[in-house]
Amino acid sequence: MQLRKITLKLLKPLLYFSLFRYPLTEEEVFDFSETESKDQVKKELDRLVEDKVIFNIDGFYLCENDKSLIKRRLAGNKMAEDINTKADKVSKFISKFPYVEGVGISGSLSKGYYDDDGDIDFFIITSPNRLWVARTFLILYKKLFLLNSKKYFCVNYFISANSLEIDEKNRFTATELVTLMPMYGNGSFHDFYKQNTWVHSFLPNKSISEGLVNMNSVEKPLFTSITENILNTKLGEKLDQLFLKITYKKWKMKFSELEERQFNVALKSTKNISKHHPLNFQRKVIERLNIKYDEYRENHNIHLEKEHA
């Protein structure tokens with residue numbers, strides 16, 4: 001099937017979000033595409049529908065002729081609205097911890113979806129040279145006071161304020177970045193967006209800083225200020241190095257089945273970054289997306305350029 005470039009660009013976001021069983025509106029298709037002109041979107045989507053490449057159900061575009069996916073999305077959107085107050089409360093609480101400079105919400109909730117099986121995922125910017133101290137305080141709180149439950153306290157991505165550029169640049173990380181919801185911070189998120197303008201090469205229609213409008217600052221409690229004063233010394237430097245060493249060694253033993261390259265992405269543990277994604281979701285999403293591309297080439301003779309992880 002011979003399709004115009006604009007049509008292929010519109011098909012990619014539909015295939016991407018189909019992995020999450022999440023239908024898109026016309027506006028969302030444009031937002032998550034590389035299409036330059038918004039005027040042609042409806043016409044090109046209708047063409048795909050007419051050719052039975054995609055489906056239009058109640059104003060939502062999807063890759064499966066399954067109305068239950070619309071119902072699932074709307075229910076998830078409603079649950080996301082209901083959980084937002086909780087997410088805001090926890091975000092503010094996290095922002096008061098020592099050396100936390102910014103707190104954002106990522107994952108499915110940042111895209112307006114939540115269900116009973118979901119977590120609230122947090123993206124945390126820390127002070128330079130104290131990432132592992134900040135992370136350890138938060139993990140200890142989770143283990144001691146939340147009995148290690150991550151349901152509303154999934155702190156799995158930390159990045160230092162002096163190293164804000166995301167290393168892995170692909171459709172997955174670009175989507176996560178443009179949907180990230182900055183909640184509380186001292187200005188680090190402004191620098192974060194400035195250092196990650198590369199996302200425009202994947203998603204030029206989605207503003208990467210629109211969430212800053214609703215971001216709030218927070219006043220650190222006295223306990224945090226005292227703790228930071230104590231640890232703004234060589235003691236703090238040594239503790240940071242020690243916590244990194246302990247965590248890295250523990251993860252290398254626990255996830256020994258992971259290849260070195262996979263480990264360095266899914267469980268990146270450096271002075272400036274801490275990721276805890278043992279299922280390597282990023283790689284799996286990209287692999288599944290490329291399989292989708294293969295299926296569309298075989299079933300519809302549509303050739304889409306493969307993604308890289």
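## Surface and charge

Let's start from the outside: the protein exposes an accessible surface of about 15,500 Å², and carbon and sulfur atoms account for 53% of that area. Keep in mind as you look around that this is a predicted model.

The side chains include 48 positive and 42 negative ones. The centres of these two sets are 6 Å apart.

## Overall fold

Moving inward, the protein contains 11 helices and seven strands. Its C-alpha trace spans about 65 × 40 × 35 Å along the principal axes. The radius of gyration is 21 Å, which agrees with the value near 19 Å that a compact globule of 309 residues would have.

Of the 309 residues, 50% are buried. If we take the contacts between residues at least 6 apart in sequence, 73% of them link residues at least 24 apart.

## A closer look at helix H5

Helix H5 covers residues 131–145 and makes a nice check on helix geometry. Its 15 residues should span 21 Å, because each residue is counted at 1.5 Å, and the C-alpha atoms at its ends are indeed 21 Å apart, so the two values agree.

Which residues of H5 are buried? They are Leu131, Trp132, Val133, Ala134, Arg135, Thr136, Leu138, Ile139 and Lys142. The list holds Arg135 and Lys142 alongside residues such as Leu138 and Ile139. An α-helix has 3.6 residues a turn, so residues three or four places apart point the same way.

After H5 comes Leu147, which has a positive phi, near 55°.

Terms used: Residues are numbered from 1 along each chain as its sequence is written. This is a predicted model: local features need pLDDT of at least 70, side-chain atom pairs count only at pLDDT 80 or more; totals for chains, interfaces and linings use all residues. Side-chain values use heavy atoms; hydrogens and water are left out. Helices (H or I, at least four residues) and strands (E, at least two) are DSSP runs, numbered from the N terminus. The radius of gyration is taken over C-alpha atoms; the globule rule is 2.2 Å times the number of residues to the power 0.38. Buried means under 20% relative accessible area, exposed over 50%, partly exposed in between (1.4 Å probe, protein chains only). Contact means heavy atoms within 4.5 Å. Accessible areas come from the Shrake-Rupley method with a 1.4 Å probe; for residues, only the protein chains shown count as cover. Lys and Arg count as positive and Asp and Glu as negative; His and the chain ends are not counted. The place of a charge is taken as NZ of Lys, CZ of Arg, CG of Asp or CD of Glu. The expected span of a helix is 1.5 Å times one less than its number of residues.
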